[in-house]
Amino acid sequence: MPSLNKLIALGRTAEVYAWEDGRILKLCRDGFDPGNADYELHLARIIQASGLPVPAVFDIVEINGRRGIVYERVDGPSMLASMGENPKETPRYMRQLAELHLEMHARSVPELPSQRERLQWKIQHAKPLSDALKAAALQALESLPDGDKLCHGDFHPGNVLLTANGPIIIDWIDATRGNPLADVARTYLLFSTARLPGLSVEALLVLVAKHWMLDQYLEGYFASRPSERNAWKAWLPVVAAARMEEGITREFPQLLKIVKSGLRNIP
């Protein structure tokens, strides 16, 4: 078995190591449920079968009691890093992001978990929300149309790698079947509340130009779906309420403002 001597990336829940045969190992960190790897493998196989440009997934390995997934190694900068290196190309990248999202949302994948049930659970377990806000958010969710399209749940330029063979979409742990407009609202929200660490070019770009970047993305996405240009906004307070379950405290004031301003009949 290959040794873990070349760390490629380090995340909150996993470490990524170089592996044999042009592959990588995404290894769960100590303290996290090893069942997460099995769940992610299940999702990854479903997504790969959809035909989208994603890394090939192979199997589970176990090292010192830690479980990990072996993926194809994909070489290339993220779309976000590429925008930081060449800000003038940002409009083109944001249109490309929109095109990838449309391609994703053209697919129906019934095997995936329900987006509606995921949102309901997250709203119910969002500790910063009052009972009144939870009830209002759940009522708003109930009024919105369901769907069966493939939704990423965390789609932004940092999760698109630009390779010699074209863009590759990564990080599918939040994938669901549902309404594409909820996924659009989630992407909008991620941009709106983004606070990248440090003073990198990418962080400054998002800080200064995120609203302009969002306009480019929305224009590209709704160019072929003009009748839905404003419908996605109804999902925004619901998605913001669900986001509060994730415990990112620096975002709470802005998320709470979006929830309160977007929901009606709050006592």
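# Notebook: contacts, helices and loops

**Entry 1. Pro 157.** I began with the neighbours of Pro 157 and found that this residue touches Ser 78, Met 79, Leu 80, Met 83, Met 94, Leu 97 and Phe 191, leaving aside residues up to four places away in sequence. I note at once that the model is a predicted one. I then looked up where Pro 157 sits: it belongs to the loop between S6 and strand S7 (160–163). Is Pro 157 buried or exposed? Its relative accessible area is 4%, and because buried means under 20%, I recorded Pro 157 as buried. I also looked up a pair that is distant along the chain. Pro 157 and Ala 81 are 76 residues apart in sequence, and their C-alpha atoms are 8.4 Å apart in space.

**Entry 2. Helix H3.** Two of the residues that Pro 157 touches, Met 94 and Leu 97, are also listed among the buried residues of H3, and I turned to that helix next. H3 covers residues 90–105, which is 16 residues. From its first C-alpha to its last it reaches 23 Å, close to the 22 Å expected at 1.5 Å a residue. Which residues of H3 are buried? I listed Thr 90, Tyr 93, Met 94, Leu 97, Ala 98, Leu 100, His 101, Leu 102, Met 104 and His 105. To read such a list I recalled a general point: an α-helix has 3.6 residues a turn, so residues three or four places apart point the same way.

Arg 92 also has its place in H3. This residue is partly exposed, with a relative accessible area of 47%. I compared its positions in sequence and in space with those of Leu 80: the two are 12 residues apart along the chain and 12 Å apart, C-alpha to C-alpha.

**Entry 3. Helix H1.** I next examined H1, which runs over residues 35–49 and has 15 residues. It reaches 22 Å from first C-alpha to last, close to the expected 21 Å. Its buried residues are Ala 37, Glu 40, Leu 41, Leu 43, Ala 44, Ile 46 and Ile 47. What covers them? The cover includes strands S3 (23–28), S4 (57–63), S5 (66–72) and S6 (149–151). Just after H1, I noted that Gly 51 takes a positive phi of about 95°.

**Entry 4. Pro 53.** Pro 53 is placed in the loop between H1 and S4. With a relative accessible area of 21%, Pro 53 is partly exposed. Which residues does Pro 53 touch, not counting those up to four places away in sequence? I found Leu 100, Glu 103, Pro 167, Ile 168 and Ile 169. Of these, Leu 100 appears among the buried residues of H3. I also looked up Leu 150, which is 97 residues from Pro 53 along the chain; their C-alpha atoms are separated by 13 Å.

**Entry 5. Gly 22.** Gly 22 is in the loop between strand S2 (14–18) and S3. Apart from residues up to four places away in sequence, it touches Glu 72 and Arg 73. The C-alpha atoms of Gly 22 and Asp 75 are separated by 10.0 Å, and these residues are 53 apart along the chain.

**Entry 6. Positive phi angles.** Most residues other than glycine have a negative phi. I therefore recorded the following cases separately. Asn 64, in the loop between S4 and S5, has a positive phi of about 50° although it is not a glycine. Asn 64 is exposed, with a relative accessible area of 77%. Asp 171, which lies in the loop between strand S8 (166–169) and strand S9 (176–178), has a positive phi of about 65° and is not a glycine either. Asp 171 counts as partly exposed, at 31% relative accessibility.

**Entry 7. The whole protein.** Finally I looked up the overall values. The secondary structure comes to 9 helices and 9 strands. The radius of gyration is 19 Å, close to the 18 Å that the globule rule gives for 267 residues, so the protein is as compact as a globular protein of that length. Along the principal axes, the C-alpha atoms fill a box of roughly 60 × 40 × 35 Å. Buried residues make up 49% of the 267 residues. Of the contacts between residues at least 6 apart in sequence, 67% join residues at least 24 apart. The protein exposes about 13,200 Å², and carbon and sulfur atoms supply 51% of that area. I noted 31 positive and 32 negative side chains, with the centres of the two sets 6 Å apart.

Definitions and conventions:
Residues are numbered from 1 along each chain as its sequence is written. This is a predicted model: local features need pLDDT of at least 70, side-chain atom pairs count only at pLDDT 80 or more; totals for chains, interfaces and linings use all residues. Side-chain values use heavy atoms; hydrogens and water are left out. Helices (H or I, at least four residues) and strands (E, at least two) are DSSP runs, numbered from the N terminus. The radius of gyration is taken over C-alpha atoms; the globule rule is 2.2 Å times the number of residues to the power 0.38. Buried means under 20% relative accessible area, exposed over 50%, partly exposed in between (1.4 Å probe, protein chains only). Contact means heavy atoms within 4.5 Å. Accessible areas come from the Shrake-Rupley method with a 1.4 Å probe; for residues, only the protein chains shown count as cover. Lys and Arg count as positive and Asp and Glu as negative; His and the chain ends are not counted. The place of a charge is taken as NZ of Lys, CZ of Arg, CG of Asp or CD of Glu. The expected span of a helix is 1.5 Å times one less than its number of residues.
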